[in-house]
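Colleague: I should like to go through this model and understand the terms applied to it. May I ask for the grounds behind each one?

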Amino acid sequence: MRASHRQAREEDPLKPEQLERENERLSREVERLRQELIERDKKIVELERKLALRLQNSTTSSKPPSSDGLAGEQRPRGCRGKKSRRKPGGQPGHRGHWRGLAPLSRVDQVIEVFPPRCRHCNSRLSRRMSTQGEPRRHQVTELPPIEAHITEYQCQCVVCPDCGKSTQAELPQEVQGYFGPELTALIAYLTVVCRMPRRVVQELLQQVLGIPLSLGSIQNSWEEASEAVAEPCAELEKQLAREPVLNSDETGYRTSGDKRWLWALVAANFVFYKIALTRGSEVLVQLLGEVFAGILCSDRCPTYLKYHKGEGQFCWAHFKRNILGVLEIAKTTEAERFCRDALALHARLFRLWHRFRAGPGVRYGPITREQLIAKSVPLEKKFFALAGSYVDSRDKDVRNLALALLKHFENFFAFLRNQGVEPTNNAAERALRCAVQWRKVSFGSRSAQGEIAVARLLTVTRTCRMQNREPLDYLGTAIRSHRNVQAVPSLLKTAPTT
């Protein structure tokens, strides 16, 4: 059969025109398949990029650490690349730490303990025998029985002897509510600082203090604490525009399921929080005015670029995470080379900064600000040259980073020229961390009044921490002053000169 087919082809050969058409058809088919392969390769590259961006965590992007989640890929912990062989716990030669003894003036009861028998000859010993040296002291700390102190005010009704009419006494101004200022402050402290849900606070007060109260009473105490600190919070808001340096950041928030934004502005000696409807620059205009004369430190968000035209400081930690993110999804040698060189310069710059900030105990010895500036000038030039050489890169991510570095070059190195300016925006991020933890516990707010209360109480408690004040004591003092219609203590504190 094969021989017959061969013979048939030999007897009926294809004409040249047919061969040419067949070749053209095959060429078009090959070209179509080649274009399909090119398109598929582009789709694969794009899908790989999207997957890599999806798998990024807070170390390789501007995502907050709270977005990493337990199910996703976790960010690396610690700075060592491999597991240490050391056993957990204190190492040989480590100086021990132990609980110190309270002074005798703080001790409520002293019990002397004598040995009943001699451990050498087993003779009976008594308290009347002589002792030798100082006794070994051992203290046990225990909670006394906790009971709420309840004061009853009986408002008597007195009959006037002149007119015969009766007059009933009014409650003192400071005891108008059902809870004292200290208990009201404790409720606010447990919910804001300790981040306890209201039902947990209700159970704690009932089980530990024996105070039965409703969720409504807890909410009323919370709102009263908010009203008590309204004046000092307004004073801090007015001070924002006069601060020489501010760190700012924002994060998402919810009120009855609706989207909100929680802002944190960190000054040298206080933190101010605000919950706003938007993430736009109009919030900064409301808080800082049309023009802010100081240095605004941020994470390069377009909101700050639109608002602040003066001197600012962009966060190097965010820029480093952007570089790591590009390196993670890099597909070209050009991108890998740019990221490697940029990270090396970043490490050298921060070694100098740590030597300037850490003091005498730092490796290689401390340096002054003049030495920091002198040693950083060559690094600035290298950063500028690196960005200029990659500004026309074919890699879009590398080109964007190079353009950002060139366009905002002065804003990356403002910390060298100005005292009180940090190279990162960590101050604002740390201020937001406690607010994010509160948000995760409470699931946000339910009303505009609740938003104001959250912002005020966060402002007060975090500011007290910055100023080494006790938040609970300040809240109690503020509530007591508010009930007595007196001025609440200010939270403004003069910044130390450097």
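Colleague: Why does C297 count as buried or exposed, as the case may be?

Modeller: C297 has 1% relative accessibility. Buried means under 20% relative accessible area, exposed over 50% and partly exposed in between, with a 1.4 Å probe and protein chains only, so C297 counts as buried. Please note that this is a predicted model, in which local features need pLDDT of at least 70, side-chain atom pairs count only at pLDDT 80 or more, and totals for chains, interfaces and linings use all residues. Residues are numbered from 1 along each chain as its sequence is written, and side-chain values use heavy atoms, with hydrogens and water left out.

Colleague: How do you know whether C297 is in a disulfide?

Modeller: A disulfide is a pair of cysteine sulfur atoms within 2.5 Å. The nearest cysteine sulfur to that of C297 belongs to C315 and is 9.3 Å away, and C297 is in no disulfide. For C233 the nearest cysteine sulfur is that of C464, at 9.8 Å, and C233 is in no disulfide either. The count by this rule is zero disulfides. C233 has a relative accessible area of 5%, so this residue is buried.

Colleague: What makes W222 and W438 a stacked pair?

Modeller: Rings of Phe, Tyr and Trp (its six-membered ring) pair if their centres lie within 6.5 Å; planes under 30 degrees apart count as stacked, over 60 as edge-to-face and the rest as tilted. The centres of W222 and W438 are 5.5 Å apart and their planes make an angle of 15°, hence the word stacked. The pair links distant parts of the chain, since W222 is in helix α5 (residues 215-228) and W438 in helix α15 (residues 426-442), 216 residues apart. Helices here are DSSP runs of H or I with at least four residues, strands are runs of E with at least two, and both are numbered from the N terminus. W222 is buried at a relative accessible area of 2%, and W438 is buried at 4%.

Colleague: Why is the pair of W316 and F383 called tilted?

Modeller: Their ring centres are 5.1 Å apart and the planes stand at 50°, which is neither stacked nor edge-to-face, so the pair is tilted. W316 lies in helix α9 (residues 316-329) and F383 in helix α11 (residues 369-389), so the pair ties together parts 67 residues apart in sequence. Both residues are buried. They also belong to one aromatic cluster, whose members include F314, F319 and F412. The whole structure holds 14 aromatic pairs.

Colleague: How do you know that R198 lies over the face of W222?

Modeller: A charge sits over a ring if NZ of Lys or CZ of Arg is within 6 Å of the ring centre and within 35 degrees of the ring normal. R198 is 5.0 Å from the ring centre of W222 and lies over its face. The charged end of K259 likewise sits over the ring of W261, 4.7 Å from its centre.

Colleague: What makes a set of residues a nonpolar core, and which residues touch the most other members of the largest one?

Modeller: A nonpolar core is a set of buried Ala, Val, Leu, Ile, Met, Phe, Trp, Tyr and Cys residues joined through side-chain atoms within 4.5 Å. The largest has 55 residues, and Y273 and L288 touch the most other members. Helix α16 (residues 448-466) gives the most to this core, with seven residues. Contact means heavy atoms within 4.5 Å; beyond four places in sequence, the residues that L288 touches include L240, L265 and Y307. A second, separate core of 37 residues includes A330, W353, L379 and V398.

Colleague: Why is I146 called partly exposed?

Modeller: Its relative accessibility is 34%, between the two cut-offs, so I146 counts as partly exposed. I146 is found in the loop between α2 (16-55) and β1 (157-159). Leaving aside neighbours within four places in sequence, I146 is in contact with V208 and L209.

Colleague: What makes V485 exposed?

Modeller: V485 has 66% relative accessibility, which is over the limit of 50%, so V485 counts as exposed. V485 is found in the segment after α17 (471-483). Phi of V485 is near 55°, a positive value in a residue other than glycine. Most residues other than glycine have a negative phi.
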